[in-house]
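Reader: I should like to understand this structure through questions, with the reasoning set out in each reply. May we begin once it is displayed?

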Amino acid sequence: MEVVSPKLDTTQAMTTILSDFWEAMRVHFNPQKDISCGGHVHVTPLSLNSKFCFRTLKKIAFACIVYEDFVASCLPQARRENKYCTRNSQSDESGVKQTLAWGKNAASLARVAAEIRSLTTEIDLYFYIQGSRYVLWNFQNIFPHPKTGRCTGTVEFRGGNQFLNTKGTLAWVAFVLGFITLASQEDLLSNFKSSSYVSPTDPSYPKRLNEWWQEIREAARKSKMSRHLPEDPLQMRAR
């Protein structure tokens, strides 16, 4: 069963709304764990047109690539290995996969930044950052659908664990909001340095992962969601 919520915003009583939903679910259904399933979070800004500007979309897209390993460390194994939320850098026929074909490092990521900066349309960004919609960060909704003309303007995160309770749902929503806020604020696209990326094989990786996680939690304060994030990023695997 797939459940789709109405559009929510962080000025609403999110905890109460989701608590009421899960209470109703438990009364009428018996949700079961299935590792093939996961939670998706769609985000747009709170603005008159509810659309990200193109510059912000570029910032988010680049952060998705730079912080891919950090995000993967927070995911349960079933989501890290799921074909429906493939890492964007490994998405077949994407431009970023070609650029990183010889490995991800500071130099190759600097090339990715330059290529993203050179893109001129939302469609170009979509084809650069993914080859299909089955990726960790999906940008398919940032331009009108060719058949329907519909455009929700959302950036979609597809890597969340199974949403089976209020606590887990709020944690993943808070993470996505924190990630997008941080990506927009720090602007790695313009400020990328060799120290911005740490390989999982680097001895300093665990320390930098925890520093990044605290930055995510701080960014989530803007939407008043930081309290839903655990202190340890690895605890997200069980959310």
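Reader: Are Phe179 and Trp212 buried or exposed?

Author: This is a predicted model: local features need pLDDT of at least 70 and side-chain atom pairs count only at pLDDT 80 or more, while totals for chains, interfaces and linings use all residues. Residues are numbered from 1 along each chain as its sequence is written, and side-chain values use heavy atoms, with hydrogens and water left out. A residue is buried under 20% relative accessible area, exposed over 50% and partly exposed in between (1.4 Å probe, protein chains only). By this criterion, both Phe179 and Trp212 are buried.

Reader: How many aromatic pairs are there?

Author: Rings of Phe, Tyr and Trp (its six-membered ring) form a pair if their centres lie within 6.5 Å; planes under 30 degrees apart count as stacked, over 60 as edge-to-face and the rest as tilted. Under this rule, the number of aromatic pairs is 19.

Reader: What kind of pair do the rings of Phe157 and Phe175 make?

Author: The ring centres of Phe157 and Phe175 are 5.5 Å apart. Their planes stand at 65°, so the pair is edge-to-face.

Reader: How many residues apart in sequence are the parts that Phe157 and Phe175 tie together?

Author: Helices (H or I, at least four residues) and strands (E, at least two) are DSSP runs numbered from the N terminus. Both Phe157 and Phe175 are buried. Phe157 belongs to strand 3 (residues 155–160) and Phe175 to helix 8 (residues 166–186), so the parts joined by the pair are separated in sequence by 18 residues.

Reader: Which helices does the pair of Phe179 and Trp212 tie together?

Author: With ring centres 6.5 Å apart and planes at 75°, Phe179 and Trp212 make an edge-to-face pair. The parts so joined are 33 residues apart in sequence. Phe179 and Trp212 lie, respectively, in helix 8 and helix 10 (residues 205–220).

Reader: What do ring pairs form from Phe157, Phe175, Phe179 and Trp212, together with other residues?

Author: The other members are Tyr67, Phe70, Trp137, Trp172, Tyr205 and Trp213. Ring pairs link these and the four residues named into a cluster.

Reader: How many of the 21 residues of helix 8 are buried?

Author: The expected span of a helix is 1.5 Å times one less than its number of residues. Helix 8 should therefore span 30 Å, and its end C-alpha atoms are indeed 30 Å apart. Helix 8 is largely enclosed by the rest of the structure, because its buried residues number 17 of the 21.

Reader: Which residue just after helix 8 takes a positive phi?

Author: At the start of helix 8, a side-chain oxygen of Asn165 comes within 3.3 Å of the backbone nitrogen of Lys167. Just beyond the other end, a positive phi of about 50° is taken by Asp187.

Reader: Which elements do the buried residues of helix 7 pack against?

Author: In helix 7 (residues 122–129), the buried residues are Leu125, Tyr126, Tyr128 and Ile129. They cover an arc of only 165° around the axis, which places them on the same side of helix 7; the arc is taken from the directions from the helix axis to the C-beta atoms. Contact means heavy atoms within 4.5 Å. The packing partners are helix 2 (54–66), helix 5 (95–99), helix 6 (106–118) and strand 2 (137–138).

Reader: Which side chain joins that of Asn138 in a polar contact?

Author: Asn138 lies in strand 2 and is buried, with a relative accessible area of 2%. A polar contact is a pair of N or O atoms within 3.5 Å; within protein, one must be able to donate a hydrogen and the other to accept it, and residues adjacent in sequence count only if both atoms are side-chain atoms. A polar atom of the Asn138 side chain lies 3.0 Å from the backbone nitrogen of Gln140. At 2.8 Å, the side-chain partner of Asn138 is Glu156.

Reader: Which residue is 132 residues from Gln32 in sequence and 7.9 Å from it in space?

Author: Gln32 sits in the loop between helix 1 (14–28) and strand 1 (39–43), and is exposed at 55% relative accessible area. The residue at that distance, C-alpha to C-alpha, is Leu164.

Reader: What is the radius of gyration of the chain?

Author: The chain has ten helices and three strands. The globule rule (2.2 Å times the number of residues to the power 0.38, with the radius taken over C-alpha atoms) gives 18 Å for 239 residues. The chain is as compact as a globular protein of that length, because its radius of gyration is close to that figure, at 17 Å.
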